[in-house]
Amino acid sequence: TSTRDFKTMLPVSVTLNTVDSGNIDRVKVVLASVLPVSYPPSFYRDMVQGKVSACVATLKERTVGCVAWTCEAGVVNILALGVLATHRERGVATLLLERCLEGATGAYLYVQTDNNEAVQFYKKRGFCVSQTVDGYYKRVVCTQAYKMELTR
């Protein structure tokens, strides 16, 4: 399925906005509820200050997803991407992914090796597993990560 097909499934009222001090608390809730890792306060501070690029997906004034990334020399490092379970399979994550990849020459991310849903999501969008990293995650059951890369 092409990304165009995913976009047609999007609810008309989904909007993407830059993370700022007015929506950061909702971003924290989304990421805490969908990702198996927790982020330090500095991560969210960096989003608000623009040191980390971040975007939220909003549906009917409810924050339903978020993506955070950095970009160096055209290569995007996706730090976090999550959509509330009740809003998955509607193209929201694809829309967020496309936003962070705008203008990129490549991208990479790390994902837990047991997160099959995420691994399949990224594979369907052209990412390939390039490396397995032992001990990447701390204080979680699955500490192993796949490094997944996209070249354009």
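**Exercise 1. Burial along α4**

Determine which residues of α4 are buried in this predicted model.

*Solution.* The step that decides each case is the cut-off, since buried means under 20% relative accessible area. Applied to α4 (92-101), this criterion picks out V92, A93, T94, L95, L96, L97, C100 and L101 as buried. The helix is therefore mostly covered, with 8 of its 10 residues buried. Continuing just past the end of α4, one comes to G103, which takes a positive phi of about 80°.

**Exercise 2. Disulfides**

Find how many disulfides the whole structure holds, and explain the result for C71 and C142.

*Solution.* The criterion is a pair of cysteine sulfur atoms within 2.5 Å, and a search of the whole structure with it finds 0 disulfides. Take C71 to begin with: the closest cysteine sulfur belongs to C100 and lies 9.3 Å from the sulfur of C71, so the two are too far apart for a bond. For C142 the closest cysteine sulfur is that of C128, at 20 Å, which is again too far for a bond. The surroundings of these two cysteines can then be read from their relative accessible areas: C71 is partly exposed at 48%, whereas C142 is buried at 12%.

**Exercise 3. The sheet**

Work out the strand order of the open sheet, and state which strands form its edges.

*Solution.* Strands of a sheet pair through backbone hydrogen bonds, either parallel or antiparallel. Following the pairings here gives an open sheet of 7 strands in the order β1-β2-β3-β4-β5-β7-β6, with mixed pairing. At the edges stand β1 (14-18) and β6 (128-133), each of which pairs on one side only. From one strand to the next, the twist averages 25°. Looking within the sheet, β3 (residues 62-72) and β4 run antiparallel and are joined by 8 bridges; E72 has V75 in β4 as its bridge partner.

**Exercise 4. The largest pocket**

Describe the largest pocket by its volume, its lining residues and the elements that supply them.

*Solution.* Rolling a probe the size of a water molecule over the atoms shows where empty space is left. In the largest pocket this space comes to about 990 Å³, and 39 residues line it, with L35, L81, N115, A118 and Y122 lying nearest its centre. Next, the lining can be assigned to elements: those that give two or more residues are β4 (75-83), α4 (92-101), β5 (106-112) and α5 (116-124), and β4 contributes the largest share with 7 residues. Finally, sorting the lining by class yields 22 nonpolar, 9 polar and 8 charged residues.

Conventions:
Residues numbered from 1 in each chain as written. Predicted model: local features only at pLDDT ≥ 70, side-chain atom pairs only at ≥ 80, totals over all residues. Heavy atoms only, no water. Buried < 20%, exposed > 50% of the residue type's maximum accessible area, 1.4 Å probe, protein only. 1 Å grid on protein atoms, 1.4 Å probe; cavity = no way out; pocket = protein on both sides within 12 Å on 5 of 7 lines; lining within 4 Å. Points joined across faces, edges and corners; volume = space filled by probe spheres on them. Helix = DSSP H or I, 4+ residues; strand = E, 2+ residues; numbered from the N terminus. Nonpolar A, V, L, I, M, F, W, Y, C, P; charged D, E, K, R; others polar. Pairing = 2+ DSSP bridges. Axes fitted to C-alpha atoms, helices over the stretch in contact; angles between N-to-C directions.
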